Amino acid sequence: MTVLGYRHTGIICRNIKKSLYFYKNLLGLKIVQEFWDQTDYINKVSGMKKAKVHFIKLKMKSGEILELLRYPTHNTKLPKLPIHNTGILHIALQVKNIKKTYLKLKNKGVKFISEPTLSSEKFAKVCFCIDPNNVRVELVEILFKQKN
């Protein structure tokens with residue numbers, strides 16, 4: 001078996017409008033598809049019954065897809081996990097100018113865990129913010145390419 005590539009990341013949203021504003025309006029991702037699904041397919045692959053799902057797929061400049069999902073037929077809870085919790089913890093998005101991005105988001109009321117900080121390897125500046133679903137978003141500005 002060989003993995004061919006990375007397909008997408010899905011985020012379950014409590015409020016898909018707030019999430020769309022964050023990722024589209026504040027971070028600049030583009031909507032490539034939006035639809036609802038309440039077919040037998042979605043119930044079968046999700047292991048749910050009578051599910052209705054709202055999907056919004058957003059594309060980054062580099063081509064990767066971020067998928068926002070909302071299940072209005074099922075209760076959604078915001079996770080409150082510590083940063084050292086086991087499992088998927090955050091998504092990392094590369095930005096051109098981290099200071100400018102940080103100030104723009106901060107001025108729009110986005111909550112940050114940290115200010116832009118030089119990485120320990122000294123090839124990137126990094127900061128973490130929180131999206132409307134309590135998902136940690138790592139913003140990364142690559143200062144120069146690392147040698148492998």
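**A colleague's note on the sheet and its surroundings**

1. Let's start inside the sheet: T9 sits opposite L66, a residue of strand 4. Keep in mind as you look around that this is a predicted model. A little further along, I12 has L69 of strand 4 as its bridge partner. Both pairs belong to the match between strand 1 and strand 4 (residues 65-70), which run parallel to one another over five bridges.

2. Now step back to the whole sheet. Four strands make up an open sheet, and reading across it the order is 1-4-3-2, with mixed pairing. Which strands lie at the edges? Strand 1 (8-12) and strand 2 (30-37) do, each of them pairing on one side only. From one strand to the next, the twist averages 20 degrees.

3. Helix 1 (residues 16-26) is the one to look at next, as this helix packs on the sheet. It touches strand 1, strand 2, strand 3 (53-59) and strand 4. Compare directions and you'll find that helix 1 makes about 165 degrees with strand 4.

4. Strand 1 is worth a closer look for its two faces. In a regular strand, side chains alternate between the two faces of the sheet. Which residues of strand 1 are on the covered face, and which on the uncovered one? T9 and I11 are on the covered face, while H8, G10 and I12 are on the uncovered one. So T9, the residue we began with, belongs to the covered face, and I12 to the uncovered one.

5. Over at the other edge, try Q33, which is part of strand 2. Is Q33 buried, exposed or something in between? With a relative accessible area of 37%, Q33 counts as partly exposed, because that label covers values between the 20% limit for buried and the 50% limit for exposed. Setting aside neighbours within four places in sequence, Q33 is in contact with F55, I56 and K57. Q33 and E67 are 34 residues apart in sequence, yet their C-alpha atoms are 9.4 Å apart in space.

6. Last, a spot on the surface. L118, L143 and F144 form a nonpolar patch there, and together they have about 270 Å² of accessible area. L118 itself is in strand 6 (residues 117-118). That residue is partly exposed too, its relative accessible area being 43%.

Methods. Residues are numbered from 1 along each chain as its sequence is written. This is a predicted model: local features need pLDDT of at least 70, side-chain atom pairs count only at pLDDT 80 or more; totals for chains, interfaces and linings use all residues. Side-chain values use heavy atoms; hydrogens and water are left out. Patches are made of residues with over 30% relative accessible area and no salt bridge: like charges are joined within 9 Å, nonpolar side chains (Val, Leu, Ile, Met, Phe, Trp, Tyr) within 5 Å. Accessible areas come from the Shrake-Rupley method with a 1.4 Å probe; for residues, only the protein chains shown count as cover. A salt bridge is a side-chain nitrogen of Lys or Arg within 4 Å of a carboxyl oxygen of Asp or Glu. Buried means under 20% relative accessible area, exposed over 50%, partly exposed in between (1.4 Å probe, protein chains only). Two strands pair if DSSP finds at least two bridges between them. Axes are lines fitted to C-alpha atoms, for helices over the stretch in contact, and angles run from 0 to 180 degrees between N-to-C directions. Contact means heavy atoms within 4.5 Å.
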